[in-house]
Amino acid sequence: EGQKAWLRNFSCHPVSKRVYPGIIPSEGKEVKVKGLLLMGLDQREIKILDYFEDEGVDYSRQQVSVEVMGSDIKLTRIPSQAYVWNCGGDKLDL
């Protein structure tokens with residue numbers, strides 16, 4: 001189960017001729033990607049995600065900071081990791 005989270009300064013784009021998107025760093029005040037924050041994963045589960053996401057091929061797992069809704073209804077920043085597209089913009093529908 002995941003918690004809704006937002007990743008600022010990244011944008012999400014369809015990958016050409018594929019059914020999945022890729023996220024890339026982007027600038028802009030309101031640029032952000034919505035996703036799920038998965039917590040409590042063990043090393044085996046992370047390796048499964050790395051395999052599924054083609055970590056090191058299509059994507060690289062990078063340290064990021066995401067925002068989640070805190071108990072006081074304010075956004076709270078949490079250190080996390082995200083799979084970031086690393087095959088260049090020419091393969092994305094920008």
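Colleague: Which residues is isoleucine 23 in contact with, leaving aside its neighbours within four places in sequence?

Modeller: In this predicted model, isoleucine 23 is in contact with Leu7, Phe10, Ser11, Cys12, Val33, Ala82, Tyr83, Val84 and Trp85. Ile23 also belongs to the largest nonpolar core, a group of 11 residues that includes Leu7, Phe10, Val33 and Val84.

Colleague: Which strands supply at least two residues each of this core?

Modeller: Those are β1 (2-8), β4 (32-38), β5 (59-69) and β6 (75-85). With 3 residues, β5 gives the most. Another core, of 6 residues, lies apart from this one, and Val15, Tyr59, Trp85 and Leu92 are among its members.

Colleague: Why is leucine 38 called partly exposed?

Modeller: Buried would need under 20% relative accessible area and exposed over 50%. Leucine 38 has 43%, so it falls in between and is partly exposed. This residue is found in strand β4. Together with Leu36 and Leu41, Leu38 forms a nonpolar patch on the surface, with about 270 Å² of accessible area together.

Colleague: How do you know that cysteine 12 has no bond to cysteine 87?

Modeller: A disulfide needs two cysteine sulfur atoms within 2.5 Å. The closest cysteine sulfur to that of cysteine 12 is in cysteine 87, and it is 15 Å away, so the pair is too far for a bond. A search of the whole structure agrees, finding 0 disulfides.

Colleague: And what makes cysteine 87 partly exposed rather than buried?

Modeller: Its relative accessible area is 21%, and buried means under 20%, so cysteine 87 counts as partly exposed. Cysteine 12, with 42%, is partly exposed too.

Notes. Residues numbered from 1 in each chain as written. Predicted model: local features only at pLDDT ≥ 70, side-chain atom pairs only at ≥ 80, totals over all residues. Heavy atoms only, no water. Core = buried A, V, L, I, M, F, W, Y, C linked by side-chain atoms within 4.5 Å. Buried < 20%, exposed > 50% of the residue type's maximum accessible area, 1.4 Å probe, protein only. Helix = DSSP H or I, 4+ residues; strand = E, 2+ residues; numbered from the N terminus. Contact = heavy atoms within 4.5 Å. Patch = residues over 30% accessible without salt bridge, like charges linked within 9 Å, V, L, I, M, F, W, Y side chains within 5 Å. Areas by Shrake-Rupley, 256 points an atom, 1.4 Å probe, with all protein chains shown as cover. Salt bridge = Lys/Arg side-chain N within 4 Å of Asp/Glu carboxyl O.
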